Amino acid sequence: MTDAKTSKRKSNDGKKGSEESRPNKKSKVDSGSSARGATGQGNADRLTKKPTEGPPTLNPPGVATRKLLSEAATGGAAPSPPGGGAAAGAGSSLIPSMPVPVVERHLDSLASPGQLTPRHIARKCLPLVKKLINHEDGWVFKDAVDPVELGIPDYFDIVEYPMDLTLVANKLEDGAYKDIASFEKDTKLVFENAILFNGEDSDVGSMAKGMLDTFATDLKNTLKGEE
């Protein structure tokens, strides 16, 4: 009987020990919930936090703006503020209301002395070419030589760089000449080719020499004060 009571007591003591050693599930669950709550709050803080704002991005100035800045830098009038008003008085810029040719002449005037723009060269030299075309002998040199039509198949064997007055005029209008020297070289080449192929004593050669003299005189008079 005593042994049975002792055995029962030991059994009860063993149950108590296993219950005490069993982990507390509720405590772990509470701890996990608390950790997730803290992490979620941290994520929410990061999502709602505004990014650091940097300086605004500025677009580069357009062509019109650069023209106005160029005028201001060279002593021209400052551009008028938007909306007009009292501030848009005598010192406001007139560029927006100026015709294109006037603006182009103004931009050409900003070039350094002796430095001509292709547009300026065209305006100065195109009248010279038209005068040569309208000359009594100009029809001979106006258009490109057609060896087939003229029956001179060896033309390109003798003339290495063909040139005609119409081509010179087109190059002027396209702004192809960056300096007067290039224009002068091409114009002279028109007549030099004629002398080379036909000879100095031929009718065409004599016409070409006369046209060369006329061009040299006109070009000199045109460029007075430009250099």
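# A guided look at a helical chain

Guide: In this predicted model, buried residues make up 22% of the chain's 227 residues. Going by its elements, the chain has 11 helices and 0 strands.

Visitor: What makes Phe141 count as buried?

Guide: Buried means under 20% relative accessible area. Phe141 comes in at 4%, so Phe141 counts as buried.

Visitor: And Phe191, is that one buried or exposed?

Guide: Phe191 has a relative accessible area of 0%, and anything under 20% is buried, so Phe191 is buried.

Visitor: How many aromatic pairs does a search of the whole structure find?

Guide: There are 5 of them. Phe141 and Phe191 make one such pair, with 5.1 Å from centre to centre and 80 degrees between the planes.

Visitor: Why is the pair of Phe141 and Phe191 called edge-to-face?

Guide: Two rings pair if their centres lie within 6.5 Å, and planes over 60 degrees apart count as edge-to-face. With centres 5.1 Å apart and planes at 80 degrees, Phe141 and Phe191 meet both conditions, so the pair is edge-to-face.

Visitor: What makes you say that this pair links distant parts of the chain?

Guide: Look at where the two rings sit: Phe141 belongs to helix H6 and Phe191 to helix H10, and they are 50 residues apart.

Visitor: How do you know that Tyr155 and Phe156 are edge-to-face too?

Guide: The ring centres of Tyr155 and Phe156 are 5.5 Å apart and the planes stand at 75 degrees, so this pair is edge-to-face as well. Tyr155 and Phe156 also join Phe197 in one aromatic cluster.

Visitor: Why is Tyr155 called buried, and what is Phe156 called?

Guide: Tyr155 has a relative accessible area of 6%, which is under 20%, so Tyr155 is buried. Phe156 has 47%, and that falls between the 20% and 50% cut-offs, so Phe156 is partly exposed.

Visitor: Let's turn to the largest pocket. How much space lies in there?

Guide: About 430 Å³. The pocket is lined by 18 residues, and the closest to its centre are Val140, Phe141, Asp143, Val145 and Leu150. Helices H6, H7 and H10 each give two or more residues to the lining. The largest share comes from H10, with 5 residues.

Visitor: What kinds of residues make up that lining?

Guide: The lining divides into 13 nonpolar, 2 polar and 3 charged residues.

Visitor: Where is Gly138, and why is Gly138 called buried?

Guide: Gly138 sits in the loop between helix H5 and H6. Its relative accessible area is 0%, under the 20% limit, so Gly138 is buried. Beyond its neighbours within four places in sequence, Gly138 is in contact with Leu132, Ile133, Leu165 and Met211.

Visitor: How far apart are Gly138 and Ala208?

Guide: In sequence, Gly138 and Ala208 are 70 residues apart; in space, their C-alpha atoms are 9.2 Å apart.

Visitor: Which helix holds Gly210, and why is Gly210 called partly exposed?

Guide: You'll find Gly210 in helix H11, residues 203–222. At 31% relative accessible area, Gly210 lies between 20% and 50%, so Gly210 is partly exposed. From Gly210 to Phe191 is 19 residues in sequence and 9.2 Å in space, C-alpha to C-alpha.

Visitor: And what share of the chain's contacts with a separation of 6 or more comes from residues 24 or more positions apart?

Guide: That share is 57%.

Technical notes: Residues numbered from 1 in each chain as written. Predicted model: local features only at pLDDT ≥ 70, side-chain atom pairs only at ≥ 80, totals over all residues. Heavy atoms only, no water. 1 Å grid on protein atoms, 1.4 Å probe; cavity = no way out; pocket = protein on both sides within 12 Å on 5 of 7 lines; lining within 4 Å. Points joined across faces, edges and corners; volume = space filled by probe spheres on them. Helix = DSSP H or I, 4+ residues; strand = E, 2+ residues; numbered from the N terminus. Nonpolar A, V, L, I, M, F, W, Y, C, P; charged D, E, K, R; others polar. Buried < 20%, exposed > 50% of the residue type's maximum accessible area, 1.4 Å probe, protein only. Contact = heavy atoms within 4.5 Å. Phe/Tyr/Trp six-rings, centres within 6.5 Å; stacked < 30°, edge-to-face > 60°.
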